[in-house]
Amino acid sequence: MRILLGVPGGIAAYKALEFARLAVKAGHSVRVIQTPASLRFVGRASFAAITGAPVLASEFEDDPSKGSWPGEEPGLHSPISHLALIERADVYVVAPATANTLARLASGSAEDLVTTSALAAQCKVILAPAMNGLMWDNEATQANVKTLRAREFEVLDPGAGQLASHGEEGTGRLVEPHEILFAAEASAAGAEKALAGLRVLVTAGGTREPIDRVRYIGNRSSGKMGVEIARAAKQAGADVTLLAANVAIEIPSGVTLIRVETAQELENAASSAFGQCDVLVMTAAVADFRPVGVPSGKIDKSQGTPSLDLEPVRDILRGLAAERAPGQTLVGFAAEFGNGVDRAEAKRASKGVDLMVYNDISNTEIGFDSELNEVTLLTAEGRTAVEKQTKQAVAGRIIQAIAELRAS
Ligand code: CTP
């Protein structure tokens, strides 16, 4: 695959070197264009050495390779350099996409090679943002991201954690180079999409069961894992419906969203959509019990401590698995406390699902409020450990596993 890498001027530009290295190592042909500002952070000699091709940093430079890609014979005449590379790229990756770059791309500016190439791109453009957390959160940046996503730019979510400014934490870190490569490989124009033409139903978040009109029994699931699975399925070419139970995070564009609150609402929505789906991924944390006889008003505490009568909630996944049609693939999640891989495997078999994704929620580095996850994929064929990485990357691995299950 021909990957054009545009490098704007940001501290994380050094990570673009690692991205180029991984892409070349994976067998891709990489050309690099830089903004003049980025040359202050990383010299072009480093990119040239890694890619084995000259690096351009201005529209007025001649390309010694005459628009060719590594492994190709140079052309006979000099092309108009600012268009030649993007014209034949399979994917264009801009990393680190600084706040300024996002603003310039959103406004359609063409003042350097990196922005001009984005404007002329016929292939997928992937932007990997990196900036200070306050700049990322700023309304102007968020509006630019929204504009770019609406125009089919793929804007990767920046990671959270320590930022370049001394002692600062927040959202704005460049996602890891291997994840950018994953996104590039997944969305390259013409590439075989792993779930093309399939209808995927994903549930995410955690249900809330009312105690009275203002209080509820809930759980800590944020919905992040399910949202990332919906995003990855969409990127893999699927038609995706997301049943979101109390999810407060942004939903990927192009995904059909149905919001629910209670387990009953989730069950109703899942039951009516299940018949039309090829794949069900049940990440939602569903209440196991719900209060019965819920008062129509608010429980008055002056009346003393109330006691709650609970009734069990039907297992939605088990119910749907029992009525599955041939060709449907079902995926469940088992969040277990402590080493529960055997319990998760038993759940896979008893609920009748094809893939159970197990994680250990006693590990505070992963799971509920974390950007990271570490899981084991359990199928009838065996167990596959997926090392600790972002939920976005884990979602990619799960989608890959689903594609493999369907292929076998
Ligand atoms: N699930 C479901 N309906 C429920 C409970 C769980 O569909 N009422 C699904 C979850 O979405 C998940 C899987 O079943 O995909 C495993 O959930 P888990 O809560 O671990 O299963 P339980 O059978 O409820 O096990 P436990 O007794 O450990 O809570």
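A residue is near a molecule or strand if one of its heavy atoms lies within 4 Å of that molecule or strand. The model shown is predicted, so that local features need pLDDT of at least 70 and side-chain atom pairs count only at pLDDT 80 or more, whereas totals for chains, interfaces and linings use all residues. Residues are numbered from 1 along each chain as its sequence is written, and side-chain values use heavy atoms, with hydrogens and water left out.

**View 1. Residues around the ligand.** The ligand is surrounded by 14 residues, of which M282, A284, L317, K347 and K351 come nearest. The shell comprises eight nonpolar, one polar and five charged residues; here Ala, Val, Leu, Ile, Met, Phe, Trp, Tyr, Cys and Pro count as nonpolar, Asp, Glu, Lys and Arg as charged, and the others, Gly among them, as polar.

**View 2. Backbone atoms at the ligand.** A polar backbone atom of M282 lies 2.7 Å from an oxygen atom of the ligand. For L317, a backbone N or O atom is 2.8 Å from a ligand oxygen atom. A nitrogen atom of the ligand is 3.0 Å from a polar backbone atom of R314. The protein buries 76% of the 570 Å² that the ligand exposes when taken alone (accessible areas by the Shrake-Rupley method with a 1.4 Å probe). Elements giving two or more residues to the shell around the ligand are α11 (316-322), β16 (329-336) and α12 (341-351); helices (H or I, at least four residues) and strands (E, at least two) are DSSP runs, numbered from the N terminus.

**View 3. An open parallel sheet.** Five strands form this sheet in the order β2-β1-β3-β4-β5, with parallel pairing; two strands pair if DSSP finds at least two bridges between them. At the edges, β2 (29-34) and β5 (154-155) each pair on one side only. Strand β4 (residues 124-129) pairs with β5 over two bridges, and I126 has E154 in β5 as its bridge partner.

**View 4. Backbone geometry at P96 and K66.** Most residues other than glycine have a negative phi, and most peptide bonds are trans. The peptide bond from A95 to P96 is cis, with omega near -5°, and P96 is found in strand β3 (residues 91-97). K66, not a glycine, has a positive phi of about 50°; K66 lies in the loop between α2 (44-51) and α3 (81-88).

Conventions
A polar contact is a pair of N or O atoms within 3.5 Å; within protein, one must be able to donate a hydrogen and the other to accept it, and residues adjacent in sequence count only if both atoms are side-chain atoms.
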